[in-house]
Amino acid sequence: MRRFLPLLVLVICLTGSGALAPVFAVQPDEMLEDPALESRARGLSAHIRCLVCQNQSIDDSNAELAADLRILVRERLVAGDSDQQILDYLVDRYGPFVLLEPPTTESTYLLWYGPGALLVVGGLALAVFAWRRRRPEVTQPLTAEEHARVKALLDGAADEGKET
Amino acid sequence: MRRLFFLLPLLGALFLIGWLGYPILAGHNPQVLPSALLDKPVPAFDLPSLEEGDGSVTSTELATGAPVLLNVFASWCAPCRAEIPLMRRLVDDGAITVYGLAYKDEPKATRDFLKTLGNPYKRIAVDRNGRVGIDLGVYGVPETYVIDGQGRIRYRHVGELTRSVVEEQLIPLMREIAG
């Protein structure tokens, strides 16, 4: 029983977290009356990093700063800001790290294009390798002399086998 | 030569391990972020002073011609409590001037907090709703900003101030700024 206890705990944790999966941190009193604006707010919040927890969006996080930022996003939406203006507003204050999806800038080229470049380079290497292997080997038939040598060797081996 | 070609992936892997592993071994903490406002002026604010009848504290006041520190703190924050004695000592020695930003805190709680621990701050701005904190890019109190004589942010330290942080980073930087 003892041996299975960790497994049991794991199963309970996994199923438990699964059952609770779509839980959001957004409080009812934070929500906007206008469903269109609210859905924009939710969409934006999902792309904004909570800098306290760092791998959660402000939509998921219960940190107080996340709540403040959710409210701020909604205030700016009501004030008529575009989505991009709101993201820029946050980037100005917290830096590009506040965006969960890193923007394509010089410093993130490697991040965005690196895997694709690796795939192309790897694919090319693989293609070259495969092409080389598939190239038909230039085989020449054995000359009469070589035939004789092979026969002699094989016969010799057979004889040795008999002796031992 | 051709045989060595097969070492290429190994070299690649070693390079990646080195490149990704170095910051970890060098003790780089990825949770600590540099301020997005480096070399930019302190965002404009005009907040009430903690002391009653003391008017308001403004961002322009921080441009004193000499480097100062702006410490973002709150009475509910334990590391803030821990760094007050160090700041008091440094202020008493005349090594630093510190302005305070009481972040999302009840003024009464802040006052009680400073009554118990002593007050190292020249003046304290009360940021009740944390909006100035957001303008500064505050994400974890305590945070300490080095402000130069023209009121620009030159450095941000996130987390508790320790002797080594002050002596090895903040004070040398302030000396350098003061020239």
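**Exercise 1. A loop residue of chain A**

Classify A:Gln54 as buried, exposed or partly exposed, and give the neighbour count behind the answer.

Solution. A residue is buried if 20 or more other C-beta atoms lie within 10 Å of its own, exposed if 12 or fewer, and partly exposed in between, with C-beta atoms placed from the backbone. A:Gln54 has 15 other C-beta atoms within 10 Å, so A:Gln54 is partly exposed. The model is predicted: local features need pLDDT of at least 70 and side-chain atom pairs count only at pLDDT 80 or more, while totals for chains, interfaces and linings use all residues. Residues are numbered from 1 along each chain as its sequence is written, and chains are lettered from A and ligands numbered from 1 in the order in which they are written.

Next, place the residue. Helices (DSSP runs of H or I, at least four residues) and strands (runs of E, at least two) are numbered from the N terminus. A:Gln54 sits in the loop between helix H2 (35-45) and H3 of chain A. Its phi is positive, about 65°, although A:Gln54 is not a glycine. Most residues other than glycine have a negative phi, and most peptide bonds are trans.

**Exercise 2. Two backbone features of chain B**

Find where B:Lys104 lies and where B:Pro142 lies, and describe the backbone at each.

Solution. B:Lys104 belongs to the loop between E4 and helix H3 (107-117) of chain B. Phi of B:Lys104 is near 45°, a positive value in a residue other than glycine. With 20 C-beta neighbours inside 10 Å, B:Lys104 counts as buried. B:Pro142 is in the loop between helix H4 (131-136) and strand E6 (143-147) of chain B. The peptide bond leading from B:Val141 to B:Pro142 is cis, with omega near -5°.

**Exercise 3. The sheet of chain B**

Give the strand order of the five-stranded sheet and explain what is left open at strands E5 and E7.

Solution. Two strands pair if DSSP finds at least two bridges between them. The sheet is open, with order E5-E4-E3-E6-E7 (chain B) and mixed pairing. Strand E5 (124-127) and strand E7 (153-158) of chain B are at the edges with a single partner strand each, so one side of each has no neighbour in the sheet. The twist averages 20° from one strand to the next, where axes are lines fitted to C-alpha atoms, for helices over the stretch in contact, and angles run from 0 to 180 degrees between N-to-C directions.

Now take strand E4 (residues 98-103). Four bridges join E4 to E5(B), and these strands run parallel. B:Ala102 has B:Val126 as its bridge partner in E5(B), and B:Leu101 has B:Ala125. Strand E3 (residues 68-73) of chain B is joined to E4(B) by five bridges, also parallel, with B:Leu70 opposite B:Tyr99.

**Exercise 4. Burial of E4 and E5**

Sort the residues of E4(B) by face and state whether they are buried or exposed.

Solution. In a regular strand the side chains alternate between the two faces of the sheet. In E4(B), one side holds B:Val98, B:Gly100 and B:Ala102, the other B:Tyr99, B:Leu101 and B:Tyr103, and all are buried. In E5(B), B:Ile124 and B:Val126 point one way and B:Ala125 and B:Asp127 the other way, again all buried.

A nonpolar core is a set of buried Ala, Val, Leu, Ile, Met, Phe, Trp, Tyr and Cys residues joined through C-beta atoms within 7 Å. The largest one has 56 residues, and those with the most contacts inside it are B:Leu69, B:Leu70, B:Ala102, B:Tyr103 and B:Ile147.

**Exercise 5. Where the chains meet**

Count the residues that each chain gives to the contact and name the residues that B:Ala36 touches.

Solution. Residues are in contact if their C-beta atoms, placed from the backbone, lie within 7 Å. Chain A gives 11 residues and chain B nine residues. On the side of chain A, helix H3 (64-78) and helix H4 (83-94) are the elements that give two or more residues. That side divides into six nonpolar, two polar and three charged residues; Ala, Val, Leu, Ile, Met, Phe, Trp, Tyr, Cys and Pro count as nonpolar, Asp, Glu, Lys and Arg as charged, and the others, Gly among them, as polar.

B:Ala36 is in the loop between helix H1 (8-25) and strand E1 (46-48) of chain B. Not counting residues up to four places away in sequence, B:Ala36 touches A:Asp92, A:Arg93, A:Tyr94, A:Gly95 and B:Gly137. B:Ala36 is partly exposed, with 19 other C-beta atoms within 10 Å.

Notes
Two residues are in contact if their C-beta atoms, placed from the backbone, lie within 7 Å.
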